[in-house]
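Me: I should like to learn how to read cysteine pairing, charge pairing and accessibility from a structural model. May we work through an example together?

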Amino acid sequence: MPAKPSPASWFGTTVKPDSAAALSLVVSESYLGTDVTVPVHVWRGKAEGPTVCITAAVHGDEINGTGAIRHIIRHRPFHLSAGTLVLVPVVNVFGFDRHTRYLPDRRDLNRSFPGSSGGSLAGRFARLFLDKITRRCEFGIDLHTASLRRTNFPNVRADLSDERLAGFARAFGAELIVKNKGPKGSLREQACKLGCATLILEAGEVWKVESSVVEYAVRGITNCLRHLNMVEGKPREPGYRVETDATHWVRAKHGGFLEFHVAPGDIVGRDEPIATNTDLAGGQSLSVIRAPRDGIVLGMTTIPCVAPGDPVCHLAYPSRGAMPKIERAVHRMRDDSLHERIRDDLARNVRVIEPKDHDAD
Ligand SMILES: [Zn+2]
């Protein structure tokens with residue numbers, strides 16, 4: 001990979017070591033003919049070090065990460081002693097402005113990378129962002145949430161076959177890492193190709209800033225910066241670690257109204273009930289939806305009304321034989337640990353009730 005350019009100048013502004021600057025990157029023009037700008041905060045430590053980019057709201061409605069970056073900018077939870085930190089609280093300013101995932105041309109920015117300078121609105125935006133920011137960074141953390149009507153237990157997604165990225169991703173301290181390269185055209189897929197080793201965090205829901213999700217993201221970012229010696233201290237180890245490329249959406253067989261029996265982050269055994277699909281009054285069980293294998297609830301629907309084929313529960317499958325160790329680790333966790341608090345918080349988005357002795361299938 002070619003050496004990265006000096007982090008001293010950003011969009012024509014000089015940022016000296018041991019200082020910070022709030023900048024704007026012009027990315028497009030509005031229907032009114034005015035500039036459309038993306039706010040970018042650049043922090044530089046006193047010593048030299050890597051350049052790391054933290055991005056949020058590439059999907060304009062996924063603003064938990066925006067909350068996390070705002071928290072970092074306002075409260076400075078760590079001292080940056082080395083390197084450069086580039087903070088972008090909202091990448092997709094068009095979607096953010098309209099509470100939507102997409103751009104005004106109805107394209108998904110996170111499927112439009114690398115784009116081109118002569119392409120569509122999405123393509124031009126993607127290309128400019130890569131050229132002006134991503135290309136200049138060695139590492140990236142892109143913050144996402146589940147899509148509409150779903151929630152995710154926090155999980156990191158990264159290509160662990162890249163050794164440099166694997167160390168960075170493990171340092172984040174997430175219990176769950178899904179091993180993959182990311183969808184074609186996504187920021188992280190293209191960033192990695194440009195030598196910017198990028199992971200994503202998937203946590204919580206759209207349209208919300210959830211306090212424990214913000215805490216989880218800020219802790220993970222701090223851990224990653226510690227790993228790169230940009231911030232003092234050692235990264236904190238998670239209570240358990242699952243690294244898997246085996247995940248599966250369990251889907252509804254029938255239309256109806258779900259009674260959930262699990263919440264995000266829960267451990268489920270093979271054949272255990274995930275949800276019971278009932279008639280509207282709740283008296284008649286139409287189907288019991290069960291876990292096909294031992295797994296951990298990575299994400300789930302928050303809307304209980306389903307049609308056949310609708311996704312109900314996204315399970316992560318640890319390697320065979322790993323479950324007893326994970327169960328013991330969770331059992332040892334204190335109620336006030338972040339893992340348990342985030343489980344409690346996310347469980348409030350679904351009504352979890354004990355399964356009855358329904359035997360319909
Ligand atoms: Zn997203």
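Me: Is arginine 270 buried or exposed?

Reply: Please bear in mind throughout that this model is predicted. Arginine 270 has a relative accessible area of 58%, and a residue counts as exposed when that value is over 50%. Arginine 270 is therefore exposed.

Me: With which residue does arginine 270 form a salt bridge?

Reply: Side chains of opposite charge can pair when their charged atoms come close. Here the partner of arginine 270 is aspartate 271, with the closest N and O atoms 4.0 Å apart. Aspartate 271 is partly exposed, at a relative accessible area of 46%.

Me: Which residues are joined into one network by salt bridges that share partners?

Reply: Glu62, Arg101 and Asp108 make up such a network. Within it, the side chains of arginine 101 and aspartate 108 meet at 3.4 Å, N to O. Arginine 101 is buried, with a relative accessible area of 17%, and aspartate 108 is likewise buried, with a value of 13%.

Me: How many salt bridges does a search of the whole structure find?

Reply: The search finds 16. One of the pairs is that of arginine 170 and glutamate 243, whose closest N and O atoms are 2.7 Å apart.

Me: Where do arginine 170 and glutamate 243 lie?

Reply: Arginine 170 belongs to helix H4 (residues 163-171), and glutamate 243 to strand S11 (residues 242-244). The pair therefore ties together parts that are 73 residues apart in sequence. As for accessibility, arginine 170 is partly exposed at 33%, and glutamate 243 also counts as partly exposed, at 28%.

Me: Let us turn to the cysteines. How many disulfides does a search of the whole structure find?

Reply: A disulfide is a covalent bond between the sulfur atoms of two cysteines. In this structure the search finds zero disulfides. Cysteine 137, for instance, is in none, and the nearest cysteine sulfur, that of cysteine 53, is 4.6 Å away. The cut-off applied to a sulfur pair is within 2.5 Å, so this separation does not qualify.

Me: What is the distance from cysteine 192 to the nearest cysteine sulfur?

Reply: That distance is 7.2 Å, to the sulfur of cysteine 196, and cysteine 192 is in no disulfide.

Me: How do cysteine 137 and cysteine 192 stand in accessibility: buried or partly exposed?

Reply: Cysteine 137 counts as buried, at 0% relative accessibility. Cysteine 192, by contrast, is partly exposed, with a relative accessible area of 25%.

Notes: Residues numbered from 1 in each chain as written. Predicted model: local features only at pLDDT ≥ 70, side-chain atom pairs only at ≥ 80, totals over all residues. Heavy atoms only, no water. Buried < 20%, exposed > 50% of the residue type's maximum accessible area, 1.4 Å probe, protein only. Helix = DSSP H or I, 4+ residues; strand = E, 2+ residues; numbered from the N terminus.
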